[in-house]
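Here's a quick look at the charged side-chain contacts in this one. Have the structure open while you read.

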Amino acid sequence: MNYTWILVADKGHARFFSVDSPTSPLIEEDNLIHTQSRMRERELISDSPGKSSGVAGMGRHPMTKENEARNQEAMHFARKISDKLSAAQQQGLRKLYVVSDPGFLGTLRQKMPTQLRRLVKGEIDKNLASLAPDQIRNHLPRHL
């Protein structure tokens, strides 16, 4: 196993790259696709929100969810990515670089356990998940 990985992700796609040496090109090891992130909000929820009685007889009003369905799906996907990276850590992963769009980067940080976060040597808050490996490499530090 290569000891340095680069995660390039957005809410619907995660790509895992490795490098053989600090200046070598990226080698795509694996990828995950999260189809639920491409679904519409109404496709993710089963029915309309419930109703709650108002305070002091003010009538009934719809209950709102603290987290929207799309945010929940992003959290599930971030957990799946984190689990994969944790398994790689058990197999010898020593350095990790994370490239993700700014909104999803925060979710990834929340879902990574502390031991895994210690491996992160750099973060780039850009959505590069659809780019070719050589284009992604151009956004990374010259020496990884």
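## Glu-123 and its arginine partners

Glu-123 and Arg-117 make a salt bridge, with 3.0 Å between the closest N and O atoms. Keep in mind that this is a predicted model. Both ends of the bridge are partly exposed: Glu-123 has a relative accessible area of 31%, and Arg-117 comes in at 30%.

The pair isn't on its own, either. Arg-109 joins Arg-117 and Glu-123 in a network of salt bridges. Across the structure, the count of salt bridges is five.

## A bridge between two strands

Next up is Arg-15, which pairs with Glu-28; here the closest N and O atoms sit 3.0 Å apart. Arg-15 belongs to strand β2 (residues 13–18) and Glu-28 to strand β3 (residues 27–33), so this contact ties together parts that are 13 residues apart in sequence.

Is Arg-15 buried or exposed? Its relative accessibility is just 8%, and anything under 20% is called buried, so Arg-15 counts as buried. Its partner Glu-28 is partly exposed, at 34% relative accessible area.

## A bridge within one helix

Which helix holds both Arg-79 and Asp-83? They lie in helix α2 (residues 69–90), four residues apart, which is about one turn of the helix. Arg-79 and Asp-83 form a salt bridge whose closest N and O atoms are 4.0 Å apart.

As for solvent, Arg-79 is partly exposed with a relative accessible area of 38%, and Asp-83 is also partly exposed, with 43% relative accessibility.

How values were computed:
Residues are numbered from 1 along each chain as its sequence is written. This is a predicted model: local features need pLDDT of at least 70, side-chain atom pairs count only at pLDDT 80 or more; totals for chains, interfaces and linings use all residues. Side-chain values use heavy atoms; hydrogens and water are left out. A salt bridge is a side-chain nitrogen of Lys or Arg within 4 Å of a carboxyl oxygen of Asp or Glu. Buried means under 20% relative accessible area, exposed over 50%, partly exposed in between (1.4 Å probe, protein chains only).
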